[in-house]
Structures are given as C-alpha cells and as structure tokens.
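Welcome! Take a moment to look over the chain shown here, and then let us walk through some of its details together.

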Amino acid sequence: MSLGDDGYGQDPGRPGGEYGEGADYDRHLTRTRLPEGDEGDPYGPNRRPRGGGRGSGGRGGGLSSRNLITVVGVVVLLIAAIAFANRGGGSSSDDSDSAGGKASAQPTAPTGVKPVTGKDGATGIASGFARTEQGAQSAASNYGVALSGDGMFKADVRNAIVSTVYAPDVAAARRGDLDKIYSDQEFLKRIGLEGNGSAPKGMTFVSRATPVGSKTVKYEGDTATIAVWYSSLFGLAGEGSTNPVAEKWYTTTFEMRWTENDWKITDFSQKDGPAPVGRDQAASSAKDMSDAVQGFGGFTYAR
C-alpha cells in the first residue's frame, strides 16, 4: 500500500478539499438569528422555552450531548467491526467455496481451542494436538519439521523421533528403513558428513524445514490426509564447503491417524515445489549462515 492510500488525502465529499473552494464557502457562511418567539435558528438546535433555564442544560448543552452520542456510537461500531474481523477458524463448511465447493486456504488464526498441551521429553516435538482438522494440520507441520531436521542423522535421536511421530504399528518398519538410509556411508560422504553423521571440524551442518502452509486433503474424524508446503535449508556452512547451504521447496503429504490420544503418521509422500522465483540477493558468508543457524531457534507450529 502506498502512502497515498492511507485515507488522509482530500475529502472527496467536499469540493476543493481541505483548503479549496468548499472550505472557503463554509467559513464565510452567514447565519440569521430569529427572534425568541419564532421557529428558532434553522442552522442550529431549537431553543428551550423561556421557563427552561439557560444554565449548562441550555442551548450549548444540547449540541454537546448529540456530539457525545455520535462519538460513542462510532466507537461501539468500530469495536464490533474489529471483533468480527479477528474471529478465527470457522466450521469446515465455512472453508469451502460456495461456487465450486473447493476448500480455500485458511490463515493460521486463533480459534479458541488450544491445540498443543506439551512436548515429548526426548525430542522436544510438540504433542497433545487437538482431535480436530486443525489439530491434524498442526501435527503434520511439526512432524515434518522433525523429520527434516539434523537430528535424523544421529541414530539415537532418529529413533526417538520415529517413535514420537509415527503410529506404533508403523514405527518399527520405518525405523529400519530410515536406519539404512541415514547410515549409508556413500550417502553421508556425498553430502559432506562424517561416517557417524556429524559435520567435519570447522563446519556447521544445516538441515532445517520451515512450513509455509498446510491444507487438509481429506478428514474423516480419526484419519486425515494433510499436505504441508515448506522450504528446506540443507548443506554445510564453513570455509571450503563443497556442499554449501542451499534452499529447496517441497510439498509432503502425510497420512495421519488418531491413536494413543494424539495424531500419528502412518505414511507419507513427497514432491518438489511449488518453488518461487529466486530474488537478486547476495548469498551470506559461511560464518553468517553458521551463526544464524546456531542463534535462531525453530518454532512450534499450531493453529
């Protein structure tokens, strides 16, 4: 929005604006006072009868009361408008487009339902999500961050993450598959890590996901399919890095199930993008990137 869009320009209801012809006309308008026995001033309030007194409740008091009522009315309407605009999250029926029946994107507005009540002690992953559509979206977003983090490259942390985010009957199989991937020496060498998944001396390993948004593909009470769109930073920050930190964009779709009083993953699929056009912005130095990763923590994602 430009500075000229703020509504403080000329008043379109008055010709000539603030200092134009209309203002000059108002300033030189002549009013005629009628005698006491006539109808009263046609440009002002009616006079009180002679017996009504001329104190603070006289002619000036009537004008002040009307002004006060007008101001109070405007304030009440403004408060009501703000309260209506800040209402968040309606029912699922409010989320669809009336013309085509297609669900529209919803902002992360507060709904009055607290979706997260705690965190897993071993991993710090949020837990206790609400048994609602938005609770499933919050769980998928937080689980996606954990599964894309650098903790997946450490065997003990990876096992804890898998046990936290996956349904119990799925976790064992997924743990075995992930162990094969993250312990593959060729894979670790290709991305510049040591055999145990740690960064070489003088380097900082970066693997971090930042959800941009989420949407419900399907929701049926105890099961949900949630798509999470996110950007990912991945690489090694340090002088001489052969795998510098770069950004990529993905959409991961999670199959979720309500089990053990929380949402858990049963399966997922991933695809590239949508990816925005890169801006003409200079890349930061290895030190700045390393300092940023170590100095800025992540978020708990909830609606």
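## A proline after a cis bond

A good place to begin is Pro274, which sits in the loop between β6 (262-272) and α7 (286-295). The peptide bond that joins Gly273 to Pro274 is cis, with omega at about -5°. Please keep in mind that this is a predicted model.

## The chain as a whole

With that loop in view, let us step back. The secondary structure of the chain comes to 7 helices and 6 strands. Starting at the N terminus, you will meet the elements in the order α-α-β-β-α-α-α-α-β-β-β-β-α.

How much of the chain is buried? Of its 303 residues, 29% are buried. The chain exposes about 20,100 Å², and carbon and sulfur atoms supply 53% of that area. Turning to contacts with a separation of 6 or more, 51% are made by residues 24 or more positions apart.

## Two helices that cross

Next, find helix α4 (residues 155-165) and helix α5 (residues 168-182). Two packed helices are described by the angle between their axes and the distance between the axes. For α4 and α5, the axes come within 10 Å and cross at roughly 150°. The crossing of α4 and α5 is right-handed.

Which residues in α4 meet α5? On the α4 side they are Arg158, Asn159, Val162 and Ser163. Their partners in α5 are Ala171, Arg174, Arg175, Leu178, Asp179 and Tyr182. Sorted by class, this contact has 4 nonpolar, 2 polar and 4 charged residues.

## Aromatic rings

The aromatic side chains are worth a visit too. A pair of aromatic rings is described by the distance of the centres and the angle of the planes. The count comes to 13 aromatic pairs. One of them joins Phe153 and Phe205 edge-to-face, at 4.9 Å centre to centre and with 80° between the planes. Phe153 lies in the loop between α3 (133-147) and α4, while Phe205 lies in strand β3 (residues 204-219), so this pair ties together parts that are 52 residues apart in sequence. Both Phe153 and Phe205 are buried.

Another edge-to-face pair is formed by Phe299 and Tyr301, with 6.2 Å centre to centre and 65° between the planes. Are its two members buried or exposed? Phe299 counts as exposed, at 64% relative accessibility. Tyr301 is buried, with a relative accessible area of 18%. You can also look for an aromatic cluster formed by Phe153, Tyr182, Phe187, Phe205 and Phe234. Two of these names have already come up as a pair, Phe153 and Phe205, and Tyr182 is among the α5 residues that meet α4.

## Loops that reach across the sequence

Where is Phe129? Its place is in the loop between β2 (126-127) and α3. Phe129 counts as buried, at 2% relative accessibility. Although Phe129 and Trp263 are 134 residues apart along the chain, their C-alpha atoms are separated by 6.8 Å.

Pro200 offers another example of residues brought together from separate parts of the sequence. This proline is found in the loop between α6 (185-190) and β3, and at 23% relative accessibility it counts as partly exposed. Leaving out residues up to four places away in sequence, Pro200 touches Gly192, Glu194 and Leu236. Between Pro200 and Leu236, which are 36 residues apart along the chain, the C-alpha separation is 9.0 Å.

## Positive phi angles in a loop

Our last stop is the loop between β5 (246-259) and β6, where Glu260 is found. Glu260 is not a glycine, yet it has a positive phi of about 50°. Asn261 is found in the loop between β5 and β6 as well. Its phi is near 60°, again a positive value in a residue other than glycine.

Are these loop residues buried or exposed? Glu260 is exposed, with a relative accessible area of 59%, and Asn261 is exposed, with a relative accessible area of 65%.

How values were computed
Residues numbered from 1 in each chain as written. Predicted model: local features only at pLDDT ≥ 70, side-chain atom pairs only at ≥ 80, totals over all residues. Heavy atoms only, no water. Helix = DSSP H or I, 4+ residues; strand = E, 2+ residues; numbered from the N terminus. Buried < 20%, exposed > 50% of the residue type's maximum accessible area, 1.4 Å probe, protein only. Contact = heavy atoms within 4.5 Å. Areas by Shrake-Rupley, 256 points an atom, 1.4 Å probe, with all protein chains shown as cover. Axes fitted to C-alpha atoms, helices over the stretch in contact; angles between N-to-C directions. Left-handed = near helix turned anticlockwise from the far one by under 90°. Nonpolar A, V, L, I, M, F, W, Y, C, P; charged D, E, K, R; others polar. Phe/Tyr/Trp six-rings, centres within 6.5 Å; stacked < 30°, edge-to-face > 60°.
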